[in-house]
Amino acid sequence: MRILLTDPILSRFAAELSHDGTDGHDWELLAGRPDAEIEDRLREADVLVASRMTPAMAKAAERLRLVHVTGAGYDRIPLDDLAPGVTVCNTFHHGRSIAEHVVMASVLLSRRVLRADRLLRQGVWESVAVDPSVRLGGTLAGRTVGVVGLGEIGRQVVRTTTALGMRARATRRNPDAPLPPGLDLDRVDGDDALGDLLEASDVVVLTVPLSAATRGLIDADALRRMRSDAILINVARGPIVDEDALYDALSEGRLGGAALDVWWSHPKDGGGARGYTRPFHELENVLLTPHHSGHTLETFTGRAGEIAANIAKLAEGEALTNVVRSPV
Ligand SMILES: NC(=O)c1ccc[n+]([C@@H]2O[C@H](COP(=O)([O-])OP(=O)(O)OC[C@H]3O[C@@H](n4cnc5c(N)ncnc54)[C@H](OP(=O)(O)O)[C@@H]3O)[C@@H](O)[C@H]2O)c1
């Protein structure tokens with residue numbers, strides 16, 4: 001089969017994808033090439049491995065059998081423009097990496113490590129040992145994590161935080177849907193219990209997809225329900241949180257801290273390199289990361305292996321895994 005690979009990160013894993021070039025397929029690496037060139041090459045392609053596809057690419061791809069998205073989100077694939085016979089699959093493997101990021105952010109913020117590091121670099125030894133006004137930090141063990149959404153990320157956050165002695169509770173769309181065995185959750189509720197979760201949690205982790213139902217979910221009212229020493233961690237999508245309301249809560253001391261890995265605009269979309277409009281960088285109770293909580297070697301080797309396995313299944317006529325759009 002002729003396979004086009006346009007995703008820049010997965011291009012680093014071309015050897016894993018093609019089994020060091022021994023899989024018998026013809027791979028073409030087109031990351032960073034102009035859209036017009038990709039459209040042209042798609043006319044002869046059987047498979048596209050990509051994080052993004054334009055409607056014009058979809059229309060040009062007359063022979064295409066499979067679009068394999070390189071992550072979980074397929075919001076940048078024009079499903080309605082694809083030929084009826086095209087299958088679309090996605091892949092995960094990011095949950096554990098993001099859960100470890102959540103733990104790191106929780107510790108950094110609750111122990112005020114960012115401040116201690118900044119001050120010590122300036123020669124200031126701020127310590128409870130020498131200054132009784134310095135606030136004591138706390139352990140994660142014994143505290144409560146509230147997880148909003150209980151899919152790939154949410155479940156790994158529960159596994160990782162409860163392994164450290166935290167108590168976990170969650171909300172999800174379908175609270176009665178079955179869960180994998182071994183998840184140590186105090187309770188699982190539906191959307192209507194979000195307010196209770198916010199009030200009860202020391203750390204709140206957002207892991208829901210962005211949709212009409214979740215846009216602005218964490219607004220001024222929701223933030224008011226959180227404890228003044230609580231930490232909000234957003235590893236889902238920026239617009240799930242109201243940017244102005246969050247900045248106001250943090251800068252006025254109504255919220256303990258926030259770890260923001262996802263943003264209200266994307267630098268590539270012309271929103272500026274920062275992805276936000278309020279001066280979050282001036283606040284020392286905020287951890288800023290450029291959407292990298294899931295960016296580990298393990299995430300991408302896992303994804304490359306799964307994509308390679310699905311391509312082998314397609315070649316053998318076997319059923320594919322993680323199908324998000326079946327041929328119609
Ligand atoms: N920061 C990063 O690097 C990164 C990486 C990957 C993904 N993400 C983002 O994180 C999101 C979640 O990823 P995932 O892999 O965990 O997705 P997932 O496995 O599809 O899980 C999504 C969870 O959200 C719940 N949910 C959906 N709509 C909801 C609503 N209105 N109210 C409450 N819960 C709702 C679902 O509930 P049910 O289980 O009841 O259906 C499910 O438990 C993705 O959509 C993406 O935007 C970020």
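**Entry 1: Leu-232 and the core around it**

I started at Leu-232 and listed its contacts beyond four places in sequence: Val-204, Leu-206, Ile-218, Leu-223, Met-226, Val-241, Leu-246, Leu-255, Gly-257, Ala-258 and Ala-259. A reminder to myself that this is a predicted model. Leu-232 sits in strand S10, residues 231–234. Its relative accessible area is 0%, so I put it down as buried, the cut-off being under 20%. I also checked a long-range pair: Leu-232 and Leu-109 are 123 residues apart along the chain, and their C-alpha atoms are separated by 10.0 Å.

Next I pulled up the largest nonpolar core, which has 30 residues. Which of them touch the most other members? I got Ile-218, Leu-223, Leu-232, Leu-246 and Phe-280. Then I asked which elements each supply at least two residues of this core. My list reads helix H7 (194–200), strand S9 (203–206), helix H8 (220–225), helix H9 (243–251) and strand S11 (257–260). H9 gives the most, with five residues.

I clicked on Leu-246 as well. Leaving out residues up to four places away in sequence, Leu-246 touches Leu-223, Leu-232, Val-241, Leu-255, Ala-258, Leu-260, Trp-264 and Phe-280. Apart from this core lies another one, of 26 residues, and I noted Ile-98, Val-102, Leu-109 and Val-158 among them.

**Entry 2: the second largest pocket**

Leu-109 came back when I turned to the second largest pocket, where it is one of the lining residues closest to the centre. The others I wrote down as closest are Ser-110, Arg-111, Arg-112 and Gly-137. The lining has 32 residues in total, and the space in the pocket comes to about 800 Å³.

Which helices supply at least two lining residues each? I found helix H4 (95–110) and helix H5 (113–121). H5 has the largest share, four residues. I sorted the lining by type and got 13 nonpolar, ten polar and nine charged residues.

**Entry 3: strands S1, S3 and S4**

I walked along S3, residues 47–50, to see which way the side chains go. Val-47 and Val-49 point one way, Leu-48 and Ala-50 the other way. Are these four buried or exposed? All are buried.

S3 has strand partners that I followed up. Strand S1 (residues 2–5) is joined to S3 by three bridges, and the two run parallel. I noted that Ile-3 stands opposite Val-47. Strand S4 (residues 66–69) also runs parallel to S3, this time with four bridges. Here I found Val-69 of S4 as the bridge partner of Ala-50.

**Entry 4: Asn-310**

I looked at Asn-310 in helix H10, residues 297–316. Why do I call this asparagine buried? Asn-310 has 1% relative accessibility, and buried means under 20%, so it qualifies. Leaving out residues up to four places away in sequence, Asn-310 touches His-68, Cys-89, Leu-320 and Thr-321. His-68 falls within the residue range of S4, the strand from my previous entry.

**Entry 5: Leu-179**

I then went to Leu-179, which is in the loop between strand S7 (167–171) and strand S8 (187–189). Leu-179 has a relative accessible area of 31%, and since partly exposed runs from 20% to 50%, I filed this leucine there. What does Leu-179 contact beyond its neighbours within four places in sequence? I listed Leu-150, Arg-155, Arg-172, Leu-185 and Val-188. For the pair with Leu-150, I noted 29 residues apart in sequence and 8.9 Å in space, C-alpha to C-alpha.

**Entry 6: two histidines with positive phi**

Last, I checked backbone angles. Most residues other than glycine have a negative phi, so I stopped at the exceptions. His-19 has a positive phi of about 50 degrees. It lies in the loop between helix H1 (14–17) and strand S2 (26–29). At 47% relative accessibility, I count His-19 as partly exposed.

His-291 also has a positive phi, near 55 degrees. This histidine is in the loop between strand S12 (286–288) and H10. I have His-291 down as partly exposed, with a relative accessible area of 34%.

Notes: Residues are numbered from 1 along each chain as its sequence is written. This is a predicted model: local features need pLDDT of at least 70, side-chain atom pairs count only at pLDDT 80 or more; totals for chains, interfaces and linings use all residues. Side-chain values use heavy atoms; hydrogens and water are left out. A nonpolar core is a set of buried Ala, Val, Leu, Ile, Met, Phe, Trp, Tyr and Cys residues joined through side-chain atoms within 4.5 Å. Buried means under 20% relative accessible area, exposed over 50%, partly exposed in between (1.4 Å probe, protein chains only). Contact means heavy atoms within 4.5 Å. On a 1 Å grid over the protein atoms alone, a cavity is a set of points where a 1.4 Å probe fits but cannot get out, and a pocket is an open set with protein on both sides within 12 Å along at least five of seven lines; lining residues have an atom within 4 Å of a point. Grid points are joined across faces, edges and corners, and a volume is the space filled by probe spheres set on the points. Ala, Val, Leu, Ile, Met, Phe, Trp, Tyr, Cys and Pro count as nonpolar, Asp, Glu, Lys and Arg as charged, and the others, Gly among them, as polar. Two strands pair if DSSP finds at least two bridges between them.
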